[in-house]
Amino acid sequence: MRILDSGKVLLGTSTDTTAKLVVKGAAGSGDDGINVISGSTTTGSKAAIFFSTSTTGSFSTGSAIKAERLSPDGSDLQFYTCTALGSAPVQRLRIASNGAATFTSTVQAAGFRIDQLSALP
């Protein structure tokens, strides 16, 4: 691990300074990356990554991706955004543990399209 004077944190590299946090795995090592753990095995517990668009780090000024534990063996992936500064975050997309996707917006996006890649069972 290397922490630069600029505040950048480098893990697995000492030269790639393309972002504030760089996590680089060894070549051919597989699933390297960042692991976010909730620390709870209770149904309903969540692990999340927050994206804040202000200097306060408040969730109400950005977006989030959350994984919610729904059962001992399953979890959903949820995507949240805020519609206005200080507004409560709203879930916009949920991908269930069975692969089903639910879009929760009431506004139709121009040009939005879903292509069927293979025949449905």
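Which residues are linked in a network of salt bridges? The points below address this predicted model, beginning with that network.

1. The residues in question are Glu68, Asp76 and Arg94, which are joined in a network of salt bridges. A search of the whole structure returns two salt bridges.

2. One salt bridge pairs Arg94 with Glu68, with 3.9 Å between the closest N and O atoms. Because Arg94 belongs to strand β7 (residues 90-95) and Glu68 to strand β5 (residues 62-69), this pair ties together parts that are 26 residues apart in sequence.

3. Arg94 also meets Asp76 through their side chains, in a salt bridge with an N to O distance of 2.7 Å. Asp76 lies in strand β6 (residues 75-81) and Arg94 in β7, so the pair ties together parts that are 18 residues apart in sequence.

4. The accessibility of these residues deserves a separate remark. Arg94 has a relative accessibility of 23% and therefore counts as partly exposed. Glu68, with a relative accessible area of 15%, is buried, and Asp76 is likewise buried, at 6% relative accessibility.

5. Turning to the N-terminal strands, an open sheet is formed by three strands in the order β1-β2-β3, with mixed pairing. Strands β1 (2-3) and β3 (21-23) stand at the edges and have a single partner strand each, so one side of each lacks a neighbour in the sheet.

6. Within this sheet, β1 pairs with β2 (residues 9-11) in the antiparallel sense, over two bridges. Ile3 is placed opposite Val9 of β2.

Methods. Residues are numbered from 1 along each chain as its sequence is written. This is a predicted model: local features need pLDDT of at least 70, side-chain atom pairs count only at pLDDT 80 or more; totals for chains, interfaces and linings use all residues. Side-chain values use heavy atoms; hydrogens and water are left out. Two strands pair if DSSP finds at least two bridges between them. Helices (H or I, at least four residues) and strands (E, at least two) are DSSP runs, numbered from the N terminus. A salt bridge is a side-chain nitrogen of Lys or Arg within 4 Å of a carboxyl oxygen of Asp or Glu. Buried means under 20% relative accessible area, exposed over 50%, partly exposed in between (1.4 Å probe, protein chains only).
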